[in-house]
Amino acid sequence: MIDWTPYLKSISEKYAQWETFYTLTDVEGKTRPAKTAPLLRDLWVQTIEKEPQNRQERPERPEKPERFTVLDGLRKYATNHVLLKGRPGSGKSTALARLLLEESVGAQSLRPNQQNQAKIIQIPILIELRLYETSILDLILQFLKRHKLIIDSNTLESWLLENQNFRPLLLFDGINELPSDTARQNLKNFRQQYAEISMIFTTRDLGSDDLNIEKKLEMLPLTEPQMRDFVKAYLPEKGEEMLKQLGNRLKELAETPLLLWMLCSVFDNHQNKIPANLGLVFQIFTGIYDKKLKADVSTYQESRDWWRELLQVLAWKMTQGESKTEIQVAISRTEAEEELSKFIKNKGFPEYYSKQWLKDLLKYHLIHLEGNDKIAFRHQLIQEYYTAEELKKKLPHLSDEQLQWDYLNYLKWTEPVALLLGMLDKKTDALRVVNLALVVDKKLGARLAGEVKKDWQQETVALVLGLNLPQLFTIELLKMTRSDAAIFRLIQFLKNSNSDVRRNAAKALFKIGGSKIIIPELIKASEHSYIPELIKALEHSYKKYFCSQASLVNIKLKAAISSLIEALEDPYKYARNQSAEALFKIGTEAAIAKLLKALEDSDWGVRGNAAEALGEIGTEAAMTELIKCLKNPDFVTLNDGDTFSKSIKALDAIQNKLKYYHPLSQPMNQQVYISYNWQEDSNEMANQLVQAFAAKGIEIIRDKTHTTYKDSIKNFMRQIGQGKCVVAVISDRYLKSENCMFELVEIARNGDFYQRIFPIILPDARIYKDFERIDYLKYWEDEKAKLQAKYKQLDLVNTNSIMATLNLYDEIRDNIDNLTNILKDMNNLNIDLHSQSEFAAMIEAVETKLAEDSQKLSNQSPVKSESKYTIHAKNFQIIEKGDGQIQDSSS
């Protein structure tokens, strides 16, 4: 019997930081930078509809695609094999790394029963297909060996066939990275031979073999809110400026986690400027990376001066592959040294430099050493960028025939050519490539037409239009360009008498306009000639595509606004959602009544956009009605989660905009919260605080006297996290309470943790010695393991809330060390001193913080003295939350 314990333990240690897998800067001799990428846990997938062999067999009502978080989707369909497709950098490999870790941790918490009826324990194994040499079995053996399990092939085969108590979960990463047809056939045979084993496969979404796997999932692009949250978290001081510069180009440049992270890195290190296209993003990113490393590493002879060229040589060798159709994403160290040796010799250096220069690259740059002494780039996108740089040098020397037959004709060159077009300096070169691509494949040419520099896209799109193809095919090609230059022509198709043409033009416009703003010059040039078409679309069957268009062009015509307001009651939720978003961007008081009604919409997206729209309108009327909603228990229950938070933020935005506060609303920047556990000592401490603050004229609102039946606990805990001042009674049970620790993590997540928290440390909170604080880390690791063990026994469909709790336990485990370290470093005073002084020091510190916040607000704009809206120093509230209890801050 195989002992899996060392293997599972090794996986748990190696993959503990799965969320950093797409970060490219973890190289030898360099510590991970202080500014790491924010966590993107909630990546989503949806099922892909199976294409019928005969188009006439297509059902009138095709099945609606299902959506899952990526791990839920993979777990649901792994038993019968599932294929995960996605764009480069979309998070496929990261998802497998996370799944590998979670399954390994879960397996360690399970043990077979002592009786014969044993539990089934799933053993996850990651198979990186780019490392393929001889067989799939050898790849599995290599991975096991790297993680402290050495078995022979016979033992492995027996286990794969029998697997009684310990069943394999095979995670195959990168079908598109297999080096040959032989390797692909071997994988197909393996899948058929072991059909009863749970398997997950990943591949790019570009023309790769699907192994005849029936169930397919596709990675969904990041949503705009996800992107914006990521940018603000990564660049807290520069994020707003970056988003402002990007405008509606955010999705164009950064639809995947990897590209978004790279874009943030470029903005942060490139004088706060956004590159014009994706090719330049790569160019600047690698240039910054290169420059930073050269400044502080010691290398052999002159290697650092040739790093870019050396990487181009390696990338070119890999992309060329062993045949015109195959690509290599890993080559042997010997092959790499041979290629570098040729380059070095041509530059007049001794050939023996190649070994040491390769070592320098492996230590300090964007390649690394994988299993079996293989050299690979840290991401295939990086390989494709350096390939594009090399192709740029070769382009002037390639004939039209060579460019078509040797490059444009093969799928593996599509991404490098797309990156190349963004970097070309001469318009004639760009037009030449697009023209030749249209001859090879019209869809390829259309895609590349949208990759050239923006100033040249009018001409490349004109090349597509010049093909004089049937209207529906022309619309399809224009959509594939994703270019602003295609918008005007697509608008003309809206006037077509054929309903199919109009419908497809609407879809194409939405595809383009959803990620780019229609430029003001185009609006002026057309003199709003297409506005009637947009309004007609709103009034008829195209609402779902054009509510967003209306906001993108900032239409403020009365007719358009009227249509948008009417669309808030459309039966189709997408139309309601986009109408609310459009009204948010336009901002008009005429919409207040309907937007307030939309706050009760059944769809959370509509409610959230309506709240933001009210905040943008920013009038006292909007504020008054919004406060009434926030005081309504039914509204609070309906808007559990982010939409409630958006309503609070909208109210805050209006109050700050008007520079005064409505009498129904307590000033949000003057709220003081208390967070504590309901154990006896903590509860008694809360009672003492109530009395002490009351003696100073500060009212405490307690859950016991002010809570309403069915109030949302989670919403209130989020409000605590946003509080300007938070009194925290820290005890042993507090540090072991899910709710209390949620609050503490939320306080930290909202920034200025040190300034905003006012702690009292009870004697049983063991935070002052490191070996005792370790017990709290271990406690949360154990809590997660227990929940995960139960979780594995379920059908994993519709378990998002349980998964959210597991993620919370992860966050607590990741943060508790740092947070308790900050708390122990504060001069908290002991309990006796606090009690004897009636908490004088704490009250003074809280009042000082509140006074500073009031002063900051009054400095922004004068406040009318002695008005009913004046903020008085003692007019504060403490809002108390006992563990598991709630008080609405607006009460």
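The following exchange concerns helix packing and a sheet in a predicted model.

Me: Are helices α7 and α10 parallel, antiparallel, perpendicular or oblique to each other?
Reply: The axes of α7 (residues 224-234) and α10 (residues 257-269) come within 11 Å and cross at roughly 40°. Angles under 35 degrees count as roughly parallel, and 65 to 115 as roughly perpendicular. The two helices are therefore oblique.

Me: How many nonpolar, polar and charged residues make the contact of α7 with α10?
Reply: The crossing of these two helices, α7 and α10, is right-handed. Helix α7 contributes Met227, Phe230, Val231 and Tyr234, while α10 contributes Leu260, Trp261, Cys264 and Ser265. By class, the contact of α7 with α10 comprises seven nonpolar, one polar and no charged residues.

Me: Which strands stand at the edges of the open sheet formed by β8, β10 and β9?
Reply: The three strands are arranged in the order β8-β10-β9, with antiparallel pairing. Each edge strand has a single partner, so one side of each is left without a neighbour in the sheet. The edge strands are β8 (331-332) and β9 (367-370).

Me: Which residue of β10 stands opposite Ile331?
Reply: Strands β8 and β10 (residues 374-377) run antiparallel and are joined by two bridges. In β10, the residue opposite Ile331 is Ile375.

Me: At what angle to β10 does the helix lying across β8, β9 and β10 run?
Reply: The helix lying across these three strands, β8, β9 and β10, is α12, which spans residues 307-320. Its angle to β10 is about 105°.

Technical notes:
Residues numbered from 1 in each chain as written. Predicted model: local features only at pLDDT ≥ 70, side-chain atom pairs only at ≥ 80, totals over all residues. Heavy atoms only, no water. Axes fitted to C-alpha atoms, helices over the stretch in contact; angles between N-to-C directions. Helix = DSSP H or I, 4+ residues; strand = E, 2+ residues; numbered from the N terminus. Parallel < 35°, antiparallel > 145°, perpendicular 65-115°, else oblique. Left-handed = near helix turned anticlockwise from the far one by under 90°. Contact = heavy atoms within 4.5 Å. Nonpolar A, V, L, I, M, F, W, Y, C, P; charged D, E, K, R; others polar. Pairing = 2+ DSSP bridges.
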